[in-house]
Amino acid sequence: LSLGRTCHVLRLSSPAAAEEARRLAQLHHPNVVDVFEVFDSPKGSYMAVEHIKGRSLRQVLSARGAMSVDEARRMLKPVCEALEFARGQGVVLGGLDLSSIVLSDDGFVKVVDLASARPEDAGRTDVQALAACLGELLTAEAPRAGAAPAVGLAVEALLRESAAGVV
């Protein structure tokens, strides 16, 4: 039986990862990659996910350099919507970075690397990761330990434009 969809099949590392994948498969949002199936076989557990033709935001950034606040906002608004939807479903996405956000060839933005945050990180993981993504898009510098000033400057620039009614 074929549904005529292109997908990626990923091997899951443990039974816990398979349970997490089953929970994440319940998230149906236009800005979150679709999980088509989670299945078990004698060789392990696997997950079939939607294939997105496009480039990660990290690849886009590498090719063209830093973005304006407006461009970064356009790229991250759909990610914010996806994170808000996931939180509403009781899921906090962890591990978010520019390599886990894809700009499709059709111009859609999708979160593609699905991982749930650990419960102890639930209140801050996705928000901090989003701030780091914003900082990286605006400065074209990867976040690093102690790099809070770069993220702070990026967020400050966004807030200035917001206060001016631009955002």
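In which sense, and over how many bridges, do strand 5 and strand 6 pair? The close-up views below, taken from a predicted model, address this question and the surroundings of these strands.

**View 1. Pairing of strand 5 with strand 6.** Strand 5, which spans residues 101-104, pairs with strand 6 in the antiparallel sense, and the pairing extends over 3 bridges. Within this pairing, leucine 103 stands opposite valine 109 of strand 6. In general, the strands of a sheet pair through backbone hydrogen bonds, in either a parallel or an antiparallel arrangement.

**View 2. The open sheet of strands 4, 5 and 6.** The sheet is open and consists of 3 strands in the order 4-5-6, with antiparallel pairing. Strand 4 (54-56) and strand 6 (109-111) are the edge strands, each pairing on one side only. From one strand to the next, the twist averages 30°.

**View 3. Helix 3 against the sheet strands.** Helix 3, formed by residues 69-88, lies across strand 5 and strand 6. The helix runs at about 40° to strand 6.

**View 4. Cysteine 80 and cysteine 133.** A disulfide is a covalent bond between the sulfur atoms of two cysteines. A search of the whole structure finds 0 disulfides. Cysteine 80 is accordingly in no disulfide, and the nearest cysteine sulfur, belonging to cysteine 133, is 9.7 Å away; the cut-off for a disulfide is a sulfur pair within 2.5 Å. Cysteine 80 is partly exposed, with a relative accessible area of 35%.

**View 5. Surroundings of cysteine 7.** Cysteine 7 has a relative accessible area of 35% and is therefore classed as partly exposed, a class that lies between the limits of 20% for buried and 50% for exposed.

Conventions:
Residues numbered from 1 in each chain as written. Predicted model: local features only at pLDDT ≥ 70, side-chain atom pairs only at ≥ 80, totals over all residues. Heavy atoms only, no water. Pairing = 2+ DSSP bridges. Helix = DSSP H or I, 4+ residues; strand = E, 2+ residues; numbered from the N terminus. Axes fitted to C-alpha atoms, helices over the stretch in contact; angles between N-to-C directions. Contact = heavy atoms within 4.5 Å. Buried < 20%, exposed > 50% of the residue type's maximum accessible area, 1.4 Å probe, protein only.
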